[in-house]
Amino acid sequence: MLCYFHSSLILQPLKIHKALTIVCSTQPKPPPRKRPTVDGQRPAFRNRKNYGASRRSIQKTLKQEQVTFTTPTPDDPIVGIIGGGMAGLACALYLEKRGVRSTVFDTGVHGLGGRMGTRIVDPQPLIFDHAAQFFTASDPQFAGLVQGWLEQGLVREWQGTIGELEVGGHFVPLPSSPPRYIGVNGMRPIADSLLSQTRMINVERPCWISKLEPFNGMWHLSENGKPCGKFDAIVIAHNGKCANRLLGSSGLPLIAGQMKRLELSSIWALLAAFEDPLQIPGEGAFPFEGAFVRGVDSISWMANNTKKLQGSHSNGPHCWTFLSTAAYAKRNKVPQENIPNATAEKVKAGMLLGVEEALGLPKGSLQKPFYTRIQLWGAALPTNTPGIPCIFDPLGRAGICGDWLLGSNLESAALSGISLANHMADHFQSSGGRPEEFAVGLRNQFQPLRGHDIGQFPGLESQTQTQMPTQQSYQFAT
């Protein structure tokens, strides 16, 4: 049984070991040393694409000199938050509750939210939740947040049938408890609405922070050489190879080392729109809106976005999201920023074939979608965790938040952001003294993380792992 973490966790201080330090004061900054060049070009480095957590790479990261700020924290600090997913947004919101200003930097072109992604295709429009599909709430503090979202009309309970679909078309519905929540207009509008009433939070997007530089007692952030502001403290609220690259020469060896230990799975998302409902031959439409798929190599989840978001009122196209298994994505992984057409076609064909296998349909009988889009989430979900709500380095005034610190779901992300915000605010109120009391998570060991290929759903896992024998099941094909 999975263990879930609650907001009542108490962050325990860690002993800070001696390390090489870069002392940041008000002294003039020495000119940077230039790398040697060959014919005017920077030399190539071996294994530049390897951002994994090998022992050698972690040891190299830990050899960075530690930044230590010696100037006192000002009475009105400002925090730079890199990443506008749920963790980063929750951190910004709760910093504001504690009277702390922040700026959120996010790479999203269409909106905030990270993996709370919703794609809208005009002119129909076609609407797809193409990352997070739904969420549950088991922690009292997060449940309180969700209650507020319900009252604001941002989310509602997903009343449609979801369950487990075994290869060949055997479907077992899950009980309606615990409640499952979805965005009223998709997942992304939740994120876009969270900061609508705030006054102390600035948002910069699309912006890809590429460098962190400590100078004169502050962090200076930049995007490809363009200054993006200076901050008294920073929060890393994203992960994967981009975060590793950013932290690689940041002067935060302990934080960088923990980030490099994180292991992530990949997931392919196939968005497909059909003119007609998907039918059981001779029986009618499928009796579910979402299903965890078992026994199919290429598919782990499928959901009817049209039914989920619009119910029975829609007479338009039927928009489905199909998510791959982590194993299938690993075998077919390519750079997500530049997916070759041949790979996209191969993955699409393999996943549509998997849909037929899951539903028990004859090969080639699935109606052809009139719209498809394939997307790779290269750093989709964590597979290991240190099991602590947040990480904070008081010497460098830098922290990490994210779902991977506790689990792999929206609830974990929110709780992590809240925890880091409160911890940093407490540190600011202490005037930066007694750093050993505020060092958290810098040396915690990682443990494997279990859950569905598309994440964890607190309160739901035990039901999907052990089905009640009295539940009604459906066989789509014979």
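Reader: How do the residues of the lining of the second largest pocket divide into nonpolar, polar and charged?

Author: They divide into eight nonpolar, five polar and two charged. Here Ala, Val, Leu, Ile, Met, Phe, Trp, Tyr, Cys and Pro count as nonpolar, Asp, Glu, Lys and Arg as charged, and the others, Gly among them, as polar. A word on the basis: this is a predicted model, where local features need pLDDT of at least 70, side-chain atom pairs count only at pLDDT 80 or more, and totals for chains, interfaces and linings use all residues. Residues are numbered from 1 along each chain as its sequence is written, and side-chain values use heavy atoms, leaving out hydrogens and water.

Reader: What makes R98 and D426 a salt bridge?

Author: The rule asks for a side-chain nitrogen of Lys or Arg within 4 Å of a carboxyl oxygen of Asp or Glu. R98 and D426 meet at 2.7 Å, N to O, so the pair qualifies under that rule. R98 lies in the loop between α2 and β4 and D426 in helix α10 (residues 410-429), so the pair ties together parts 328 residues apart in sequence. Helices are DSSP runs of H or I with at least four residues, and strands are runs of E with at least two, numbered from the N terminus.

Reader: Why is R331 called exposed, and D297 partly exposed?

Author: Exposed means over 50% relative accessible area, buried under 20%, and partly exposed in between, with a 1.4 Å probe and protein chains only. R331 has 52% relative accessibility, so R331 counts as exposed. D297 has 42%, so D297 is partly exposed. Their side chains also meet in a salt bridge, at 2.5 Å from N to O.
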